[in-house]
Amino acid sequence: MSTTMTRDVLIGRLNEFPPGEVRQATLPDGTNIAVYNVDGAIYATADLCTHGEASLSEEGILTGKIVECPWHFGTFDVTNGQPTGMPCTVALKTFRVKLSEEDVYVEC
């Protein structure tokens, strides 16, 4: 039986993730993630759309808790990664976010 170790990775300061916007952060292994501020709550998902591999942090449009992919206009709920609009049918990987004062961490 294998155990997977997780660790918290600092991805930035809270003020770097403005309300209603999507920003990119990079994990230690080089993987980019998309970080969202939805009414003051921070969420993080894989950066690439599961349908067309467009960058959600660079070109995605956040409306409430829904991010729209710029390529084919599919949508996802950023709070849980679930697809909410065609042609997207595969969920985004999500990352648990932790705040420590003004620092933002994701669990990897």
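1. In this predicted model, the hairpin formed by β10 and β11 has two residues between its strands, and within that hairpin Glu101 adopts a positive phi near 55°. The two strands, β10 (97-100) and β11 (103-107), have Glu101 in the loop between them, and they run antiparallel, joined by four bridges. One residue to look at when tracing this pairing is Lys98, whose bridge partner in β11 is Tyr105.

2. The backbone of Glu101 deserves a careful look, since a positive phi of about 55° is found here in a residue that is not a glycine. As a general background, most residues other than glycine have a negative phi, and most peptide bonds are trans. As to its surroundings, Glu101 has a relative accessibility of 76% and therefore counts as exposed, the cut-off for that word being over 50%.

3. A positive phi also occurs at Phe73, which is not a glycine either and has a value near 65°. Phe73 is placed in the loop that runs between β6 (66-68) and β7 (75-77). Is the residue Phe73 buried or exposed? With a relative accessibility of 53%, Phe73 counts as exposed, because the limit for exposed is over 50%.

4. A further point for the reader concerns a peptide bond: the one leading from Met86 to Pro87 is cis, and its omega is near 10°. Pro87 itself belongs to the loop between β8 (83-85) and β9 (94-95), which is where a reader checking this cis bond in the structure should look.

Methods. Residues numbered from 1 in each chain as written. Predicted model: local features only at pLDDT ≥ 70, side-chain atom pairs only at ≥ 80, totals over all residues. Heavy atoms only, no water. Buried < 20%, exposed > 50% of the residue type's maximum accessible area, 1.4 Å probe, protein only. Pairing = 2+ DSSP bridges.
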